[in-house]
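Trainee: Could you help me learn to read a protein model?
Mentor: Gladly; let us look at one together.

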Amino acid sequence: MNTLKRRKTHQVKIDHIIVGSDAPVIVQSMTNTDTADAAATAQQVKELSDAGSEMVRITVNSPEAASKVAEIRQRLDDMGYHTPLIGDFHFNGERLLAEFPDCGKALSKYRINPGNVGKGAKGDEKFAYMIRTAAENDKAVRIGVNWGSLDQSLAKRMMDANLAATSPRPPEEVMKEALIVSALESSEKAVNLGLPEDKIILSCKVSSVQDLIQVYRDLGGRCKYPLHLGLTEAGMGSKGIVASTAALSVLLQEGIGDTIRISLTPEPGSSRTQEVIVAQEILQTMGLRSFTPMVTACPGCGRTTSTVFQELAQDIQNYLRNKMTVWRDLYPGVESLNVAVMGCVVNGPGESKLADIGISLPGTGETPIAPVYIDGERKVTLKGDNMAAEFLAIVEDYVKTNYGEGGSKRNQNRIIPILTI
């Protein structure tokens with residue numbers, strides 16, 4: 001795996017998960033159910049956890065929602081899911097924590113947005129109550145500053161100071177600085193209120209790729225807190241995926257970022273788990289972590305007018321991801337498996353030999369046979385209409401043989417997804 005030098009930070013313990021420094025970058029997601037519906041929310045947390053989300057944020061915006069958090073926690077525990085829950089508080093968090101103390105105890109982390117806590121002395125009191133509650137319950141806090149909800153009194157103060165300066169900076173630069181100052185000043189207040197430094201995570205989310213990179217580079221150089229990465233509104237479909245990948249890859253390559261979330265807008269009726277899969281694939285393709293076996297497949301060209309290799313590649317990818325809910329425990333290290341599904345003789349045999357297991361399907365005009373390579377050697381040749389099922393059976397046997405008890409690749413080159421202390 002990639003050995004990029006990570007930014008040194010405090011390490012924050014969130015239940016069984018360690019965040020920061022050399023700990024793995026953690027994948028996070030968020031539900032979009034009504035938290036007051038405990039059954040639906042617990043079910044979606046389960047689905048996100050099955051997809052690989054290691055922490056899940058839930059909205060806590062009303063008495064009805066706050067009153068159900070402990071039940072959601074219990075439902076998940078009863079199902080055997082101990083995924084840490086993060087409470088997303090805005091505007092009324094101090095009141096909800098006061099009225100429903102079990103809510104604060106059931107959550108593993110609180111997310112507090114300084115811009116939405118309140119103004120002036122009253123806002124300070126509300127912030128203080130939430131921080132003290134977190135400290136009393138031994139909970140971590142993410143102080144999450146957002147471009148769209150920046151503390152306007154702070155922004156005005158900094159804009160006024162800039163206008164009075166001898167050489168004023170562009171307004172957009174002052175606004176970026178205000179994001180960072182808000183996060184740093186809020187974390188300083190939290191520490192002064194009794195929250196240990198190793199209970200604090202920071203974020204400064206914006207929706208522009210270049211702005212996000214600039215803000216996090218600056219923030220990372222000015223504090224030792226772990227940082228949560230993500231575009232605040234990535235968007236839908238390929239746009240959201242591309243924007244998130246472009247921004248986060250640059251920062252992760254520089255060792256910046258300790259938890260990530262891909263804030264995709266789901267297409268109507270689509271699964272919420274897509275954001276988890278994208279986050280995992282960013283980390284895995286960068287060589288930072290392994291989550292599920294990867295499939296190498298060619299894009300196709302005039303030599304591959306058949307759709308057989310495309311269908312097989314898709315079937316294999318879906319098969320491997322679905323199997324991981326069981327394989328993760330049965331076959332430690334299987335997440336590093338590499339499977340190649342190639343469409344013709346040009347690169348097919350070569351790529352198949354480089355993979356752990358690969359198949360080179362016949363292109364247009366080629367002999368209708370498909371050699372299968374295992375650990376670099378040609379082992380069997382498939383042909384006929386049942387090649388897909390036969391290849392899946394070969395993959396299944398390879399996994400059991402090599403990653404099962406006594407297997408030569410069991411635990412090999414494994415990056416443990418969650419560190420515990």
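Trainee: Is Arg-261 buried or exposed?
Mentor: Before that, note that this is a predicted model, where local features need pLDDT of at least 70, side-chain atom pairs count only at pLDDT 80 or more, and totals for chains, interfaces and linings use all residues. Residues are numbered from 1 along each chain as its sequence is written, and side-chain values use heavy atoms, with hydrogens and water left out. Buried means under 20% relative accessible area, exposed over 50%, and partly exposed in between (1.4 Å probe, protein chains only). Arg-261 has 7% relative accessibility, so Arg-261 is buried.

Trainee: Which side chain shares a polar contact with Arg-261?
Mentor: A polar contact is a pair of N or O atoms within 3.5 Å; within protein, one must be able to donate a hydrogen and the other to accept it, and residues adjacent in sequence count only if both atoms are side-chain atoms. Here the side chain of Glu-275 makes one of 3.0 Å with that of Arg-261.

Trainee: How do I describe helices H8 and H9?
Mentor: Two packed helices are described by the angle and the distance between their axes. Axes are lines fitted to C-alpha atoms, for helices over the stretch in contact, with angles from 0 to 180 degrees between N-to-C directions. Helices (H or I, at least four residues) are DSSP runs, numbered from the N terminus. The axes of H8 (residues 171–192) and H9 (residues 209–220) come within 10 Å and cross at roughly 45 degrees.

How values were computed. Helix = DSSP H or I, 4+ residues; strand = E, 2+ residues; numbered from the N terminus.
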